[in-house]
Structure formats: structure tokens, C-alpha cells
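Hello,

Here is the structure we spoke about. My notes on it follow below.

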Amino acid sequence: MKNFKRIFLIVLDSLGAGALPDADQFGDNGAHTLRSLSRSEKLFIPNLLRLGIGNIEGLEFLGKNNSPKGAVCKLAEKSNGKDSTIGHWEMAGIISAKPLPTFPDGFPDEILNEFSRITGRGVLCNKPYSGTKVIDDYGERHMLTGDLIVYTSADSVFQIAAHEEIIPLEELYRYCELARKILIGKYGVGRVIARPFVGHPGSFTRTPHRHDYSIEPPSKTMLDAIKAAGKDVISVGKIKDLFAGKGITESFATSGNAQGMEITSKIAKMNFNGLCFVNLVDFDMLYGHRQDVDGYANALTAFDKWLGEFLPQLLDDDLLIITADHGCDPSDNSTDHTREYIPLIAYGKQVLPVNLGIRTTFADIAATVVEALGTEYSCAGKSMFGELTDLRCFLKERAISAMSRSYCPYSGYKVGAALLTASGKVFTGCNIENAAYSPTICAERTAFAKAVSEGEMDFSMIAIAGGKDGVMTGACPPCGVCRQMMKEFCKPDFEIILAKPDGYELHTLEELLPLGFSL
Ligand code: THU
């Protein structure tokens with residue numbers, strides 16, 4: 001199978017596709033970022049709709065498309081968290097059992113004592129606080145004593161604010177590096193952030209010299225694998241930060257979405273070989289957290305407009321993936337992130353416009369990206385590459401998932417079939433047994449009966465998968481009756497795809513039923 005040369009993986013930060021089944025455990029029952037946006041009059045996304053965003057299960061309210069240009073699915077988060085770091089790590093292959101720690105009551109003495117010992121300075125505040133208010137309230141004390149203002153937020157952050165004329169920048173950065181070294185294990189916050197400011201009591205202002213020190217991913221990600229294979233891993237926006245620089249070969253910082261999109265367009269004109277990993281942060285930072293539905297909708301509208309100019313720039317062996325990292329419903333009752341599915345749209349000249357349903361982990365993105373680039377990396381995700389580029393593979397996976405609906409209390413042998421019509425529709429079927437045995441219907445005939453009864457008569461191929469107790473050990477060729485059923489409706493070159501644990505085998509009807517009966 002042919003690989004892709006360039007992959008653009010664009011994360012629309014916080015664009016959730018509806019609450020996950022376990023959202024109540026995160027206080028996010030009913031959260032749905034995209035549905036909230038769909039209620040804004042500002043939302044106009046013709047390009048995303050053309051690609052098929054409205055065909056994602058549960059997003060039909062956006063508008064379905066009968067001939068989408070892209071492949072779509074939505075993915076569940078397996079990690080125990082809903083922040084950007086954990087979300088991006090999972091899409092790069094790491095599943096985190098625990099969320100990054102937050103400190104709603106401030107940091108424990110153990111940490112602060114050690115921090116004071118290594119910096120030789122006292123600590124002020126130590127609470128969750130607004131970044132501007134914290135300097136108003138503690139700035140003067142800090143100037144008098146030289147103690148450092150340490151504060152946090154609802155996120156997993158350890159922030160140090162200091163006046164640039166009291167603590168020189170280099171010194172503040174060194175304190176952050178020291179803090180980063182002690183904030184590990186159960187105190188391993190996502191980021192340590194230097195927050196320098198200037199001015200006088202009553203009129204302090206923050207300077208642009210903010211600096212983030214991210215925690216390193218706990219193990220190798222797809223980025224490390226792609227870099228180790230000698231390919232490019234280009235970061236646009238906060239990607240580099242989220243991975244603490246690991247596995248990145250080149251990076252472009254951005255001031256927001258507009259610059260992120262502009263840089264991505266420039267990169268598309270470059271001849272690179274590997275991954276361009278983009279994060280567009282405004283959705284989350286400026287609109288999701290601030291509960292600004294119209295602002296968020298305007299930002300997605302702007303992205304869609306940019307997309308209209310970007311898509312024609314893509315080359316034959318490019319793959320574009322548009323997705324998100326978590327939700328941040330702007331119209332729920334909190335400013336916090338929300339535990340949601342993420343939407344995914346894949347587009348490219350070699351990509352089939354298939355619907356890949358609902359996936360169990362963001363790590364399917366990592367598995368897909370590395371396979372598409374022909375790189376070795378193993379993770380918990382299941383690659384979508386085969387299904388995105390090979391129609392037979394796509395049909396085989398639909399047959400495998402139809403197996404799960406088999407009704408076979410007598411034989412315990414589950415069979416699934418997926419029948420493709422000439423017009424591109426898929427009808428699935430499973431075997432349905434009966435206590436009187438002979439009324440049993442095979443999976444293939446279930447699929448044909450469904451299709452014919454819906455007025456379909458023109459078929460191009462069928463995939464079949466089966467196995468005892470649902471475990472596929474080899475091919476499951478159709479029985480004689482099913483072959484005769486196929487002969488009734490299909491031409492001799494009708495393709496029969498037999499799923500196998502490691503691929504599939506291909507046959508034609510003519511091969512499997514020579515001299516079939518006809519009147
Ligand atoms: N079965 C099929 O679904 N398709 C075939 O072509 C062969 C057999 C089912 C029927 C029955 O429920 C089970 O497999 C065991 O015979």
C-alpha cells in the first residue's frame with residue numbers, strides 16, 4: 001500500500017463532539033461544544049460540511065451530506081482526563097491512567113519548603129488566582145520582601161509571578177527550571193509558568209516574557225518515532241510545549257489562530273516529509289473558557305474560510321486530519337473543559353470518503369499517522385489507514401463489526417457481512433438463528449434481504465467475517481445457499497472479500513460458484 005508523504009494534523013483546541021458516556025464523573029453531563037456552536041447565527045462552515053462533519057454520528061444537526069469529500073468518525077478519550085496535555089498525548093499514542101494533578105487548595109508544604117530552600121526565597125499567595133488580580137494583590141509585598149508569588153488555577157499549573165526589576169528574567173526562568181525538577185510524580189503539574197510583570201503598585205502589568213515549562217511525556221510518542229525515522233515533525237502553536245519539545249524537529253510559535261493558519265499555509269508550500277502538527281488555541285483560550293458562543297462560532301467560521309483556501313493546496317500524497325483534544329462547551333455551566341468525544345475529518349486525494357463510526361481511543365490517530373508515513377511505532381490505538389485508503393479493507397471492518405450483532409445461541413458461531421451497492425451504500429447483516437434450526441438466516445442473506453427490500457439491485461462486493469464465539473481464526477467462506485443468493489442478484493465478477501485475522505482474501509462469484517443454477 002502506498003504511504004503518504006506529508007500529514008497535516010490540525011487540532012481545533014476544545015472542539016468537542018458531545019459528552020462521553022462517563023462525562024458525569026467529570027461533572028460534564030450533556031456537554032456538547034459543537035451543538036452549542038450550532039445554535040449561534042455566526043456559524044457558517046460550508047467547507048467542513050462538504051468534507052462531511054455532519055455525517056459524524058450524533059452531529060447530524062449540522063447537516064448531513066450524501067456525497068462527502070472526506071472520511072469522518074468521532075473518538076472517545078481513554079485517558080482519565082480532559083486537558084490539552086493528556087488529550088494531545090493520547091492522540092500521539094500515550095494513554096494516561098491519571099489526570100495531571102491540580103491544586104485547588106494550593107501546593108503542600110513539602111513542595112513549598114523545598115522550593116524556598118532551593119531558591120532561597122519565601123512564597124506569597126499559594127492559591128488558585130486570576131493572573132492579573134494576583135499581581136494587584138501581592139505585587140507590592142513581593143517588591144518589599146523579594147518573596148515569589150506562587151499561584152495556580154483550575155488547570156494543572158504552578159505559576160510564578162515576579163517583578164522584572166526585583167527578580168531579573170534569567171533568575172525567574174532559573175527558579176522555574178528548579179520548580180520543574182521538584183514537580184514530578186504526584187506533584188507532576190502539566191506546566192510551570194514564569195509570569196513576569198512590571199510597573200508600580202496599583203498599575204502593574206504583565207510583560208510578554210511569559211515562559212512555559214511543560215512536563216515531559218512519560219514514554220515515547222508517535223513524534224519520537226517519526227523523528228527517529230529521519231522524518232520531519234513540525235510544530236505549529238503550543239504542540240512543542242505540550243510535548244516538552246520531545247520528538248519535534250522544527251517549531252513555529254504563534255500568537256493565535258490567524259497566525260497558526262497563516263504559518264500552516266506557508267508550510268504547505270514547503271517540501272517536507274513527515275508530520276506538520278498544528279494546534280489552534282483561540283477556540284479554547286479566548287472563547288471556550290470565556291463562555292463566548294458567538295466568538296467561538298466566529299472563530300470556527302474563520303477556520304472554515306481558511307480551509308477553503310488550504311484544501312486546493314494539498315498534493316497527491318498529502319493527508320489532512322482535522323480533530324480536537326477535548327471539549328470546552330461555551331454554554332454549559334462552567335468555564336472549565338468538558339469531557340467529550342472529539343470529531344475527526346480525514347481528507348486527501350487518496351482518502352476514501354468513508355464513515356468510520358465511533359472509535360474507542362484518540363490513540364487511533366497515532367496508529368493511523370505512523371502507518372500512513374510507513375513508520376514503526378506501537379501503541380494502544382487501531383490504525384484507520386487501511387480503511388481510509390482501501391475500500392475492501394473498509395468493507396471488511398464493517399463485516400467484523402456486524403459480527404457483534406449476531407444472534408447465534410445454538411452454534412455460538414458469529415458471522416457478519418457488509419454488502420456494497422454500486423451507488424456506494426453499505427448494507428450489513430448478521431446470522432440470525434432459530435430454535436427450529438432450519439429457519440436460520442445467514443449473515444450474507446440478511447444483508448441481501450435488507451438491501452433488496454430497500455430497492456437496491458445493483459451490487460459490487462460483499463465482505464464476510466466469522467468465527468466461533470466471535471473470535472476470527474480464519475476465513476469464513478459463504479455457504480452454498482448464500483452463493484446461490486448472490487447468483488440471483490450479482491454478476492460473475494461480483495467480489496467476495498473473506499476477512500482473515502491478518503487481512504483478507506479476494507474471490508469472484510464465478511470462482512466460488514461455477515455452474516450455479518439459473519432459469
Ligand atoms: N452462517 C452464515 O451466517 N453464513 C454462511 O455463509 C455460513 C453459515 C451461519 C449460520 C449459522 O448461524 C452459523 O453460521 C453456524 O452454521
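A search of the whole structure finds one cavity of 30 Å³ or more; a cavity here is a set of points on a 1 Å grid over the protein atoms alone where a 1.4 Å probe fits but cannot get out. Its volume (the space filled by probe spheres set on the points, which are joined across faces, edges and corners) is about 40 Å³. Lining residues, meaning those with an atom within 4 Å of a point, are Leu12, Leu15, Leu48, Ile53, Ile322, Pro343 and Ile345. By class they are seven nonpolar, no polar and no charged (nonpolar: Ala, Val, Leu, Ile, Met, Phe, Trp, Tyr, Cys and Pro; charged: Asp, Glu, Lys and Arg; polar: the others, Gly among them).

This is a predicted model, in which local features need pLDDT of at least 70 and side-chain atom pairs count only at pLDDT 80 or more, while totals for chains, interfaces and linings use all residues. Residues are numbered from 1 along each chain as its sequence is written, and side-chain values use heavy atoms, without hydrogens and water.

The second largest pocket (an open set of points with protein on both sides within 12 Å along at least five of seven lines) has a volume of about 790 Å³. Of its 26 lining residues, Pro353, Val354, Asn355, Gly424 and Val426 lie nearest the centre. The lining divides into eleven nonpolar, ten polar and five charged residues. At least two lining residues come from each of β14 (355-359) and α14 (391-403); helices (H or I, at least four residues) and strands (E, at least two) are DSSP runs, numbered from the N terminus.

Regards
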